[in-house]
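Welcome! Please take a slow look at the sequence and the 3D picture before reading on. We will walk through the fold together, one piece at a time.

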Amino acid sequence: RRNQRFEERTEPASVLGTSLIADVPNFREERVNTVMPVVDAPNSASAEAFRFVSASISLQQVWTAKDDGSKNFKTLVSLSAGLSEGKTVVVANTAFAAAREGHKVLLLDADFGNQQLTEILIGAGPPMAGMTDVVAGQTTLAKAVIDVPQDSAGSIGLLSRGTASVKAPDFFASPATARLFDEIASRYDLVLVDAPPLLRVAYATTLARLADRAIVVVAHGEDVSAAEELRDQMKLVDIPVIGYVYNLAPLRPEMTVSLGSMADTLGEHPERSVQT
């Protein structure tokens, strides 16, 4: 607390009481001019950081595996204290990294007041059928989910807010929405939920209770006091936290890797000359 703001990637661990999963560098320091480096700059340190996040999630899903061999959890909600911490960008890139591993992923854009995740993935436009329409019985889940184009072995679906008019606090507190979350978990390997900032929007707590686990996004330079308040609020939610992502971090020299080292990760397998 002497600094009042986080200046190192390991500092939030003692405040939040959970472990660091990965630190994602500030894209600008790496000259990555996109919000989707996993797709547009796959050889970057930023993209590799998101692959670390995805790999950690996958590991925790099966470690230690249940007796019947099923995953420990399916639904993971992304939480942050406030705005401008990059939570939505973390969710989107992690989904593409998970799909590259062959997983069937669903993205749930549950920030009803700000459908930024939907805009990042499919662009701005009029609202389309989504979760509120499914719960209202106006469409099916299969028809409401939008396939997000990607070129890996897995798949990515997107379920946005929807067009049926609802009050978000009542919607996420309803038994019908809980049943929708159960149905979603039965159909996908991983469900990533983009939630509103926990300290800014009251219904974010109700939404978080619907997920199996939570992941926290903490931005470099964030107020320590905000993280403390976030920790206290998460205790009320009573949801297991798998760790935190330290976002917008300074680019460390050891985060950069050579193209040759990245080739096996990306499946490029460059040809090598063989001396005889």
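Two strands are said to pair if DSSP finds at least two bridges between them. With that in mind, look at strand β3 and strand β5 (residues 155-159): five bridges join them, and they run parallel. One spot to find along this pairing is L106, which stands opposite G157 in β5. Please remember that you are looking at a predicted model.

**The whole protein**

Let us step back for a moment. The protein has 12 helices and eight strands. Of its 276 residues, 51% are buried. About 13400 Å² of the protein is exposed, and carbon and sulfur atoms supply 48% of that area. If you take the contacts between residues at least 6 apart in sequence, 80% of them join residues at least 24 apart.

**The sheet**

In what order do the eight strands of the open sheet lie? Reading across, the order is β1-β8-β7-β2-β6-β3-β5-β4, and the pairing is mixed. At the edges stand β1 (20-25) and β4 (146-147); each has a single partner strand, so one side of each is left without a neighbour in the sheet.

The table below lists parallel pairings that you can trace in the picture.

| Strand pair | Bridges | Sense |
|---|---|---|
| β2 and β6 (residues 190-194) | four bridges | parallel |
| β2 and β7 (residues 213-219) | four bridges | parallel |
| β3 and β6 | five bridges | parallel |

Now try finding some residues that face each other across these pairs. Between β2 and β6, T75 stands opposite V191, and L76 stands opposite L192. On the β7 side, L79 stands opposite V216. V191 in β6 also has L106 standing opposite, so follow L106 and you will come back to β3, where five of the six residues are buried.

**Strand β2, wrapped up**

Why is β2 (residues 75-79) described as largely enclosed by the rest of the structure? Five of its five residues are buried, so the strand has cover from what surrounds it. To read the next step, it helps to know that buried means under 20% relative accessible area. In a regular strand the side chains alternate between the two faces of the sheet. For β2, T75, V77 and L79 lie on one side, L76 and S78 lie on the other, and all of them are buried, which leaves both faces covered.

**A charged residue inside**

Next, find D111 in the loop between β3 (104-109) and α5 (116-122). Is D111 buried or exposed? D111 is buried, yet it has no salt bridge. The nearest side chain of opposite charge belongs to K87, 4.9 Å away. A salt bridge would need a side-chain nitrogen of Lys or Arg within 4 Å of a carboxyl oxygen of Asp or Glu. Setting aside its neighbours within four places in sequence, D111 is in contact with D194, A195, P196, P197 and Y203.

**A nonpolar patch outside**

Finally, turn to the surface. Which residues form a nonpolar patch there? They are L59, V62 and W63, with about 330 Å² of accessible area together. You will find L59 in helix α3 (residues 45-62). With a relative accessible area of 44%, L59 counts as partly exposed.

Note on methods:
Residues numbered from 1 in each chain as written. Predicted model: local features only at pLDDT ≥ 70, side-chain atom pairs only at ≥ 80, totals over all residues. Heavy atoms only, no water. Buried < 20%, exposed > 50% of the residue type's maximum accessible area, 1.4 Å probe, protein only. Helix = DSSP H or I, 4+ residues; strand = E, 2+ residues; numbered from the N terminus. Patch = residues over 30% accessible without salt bridge, like charges linked within 9 Å, V, L, I, M, F, W, Y side chains within 5 Å. Areas by Shrake-Rupley, 256 points an atom, 1.4 Å probe, with all protein chains shown as cover. Lys, Arg positive; Asp, Glu negative; His and termini not counted. Contact = heavy atoms within 4.5 Å.
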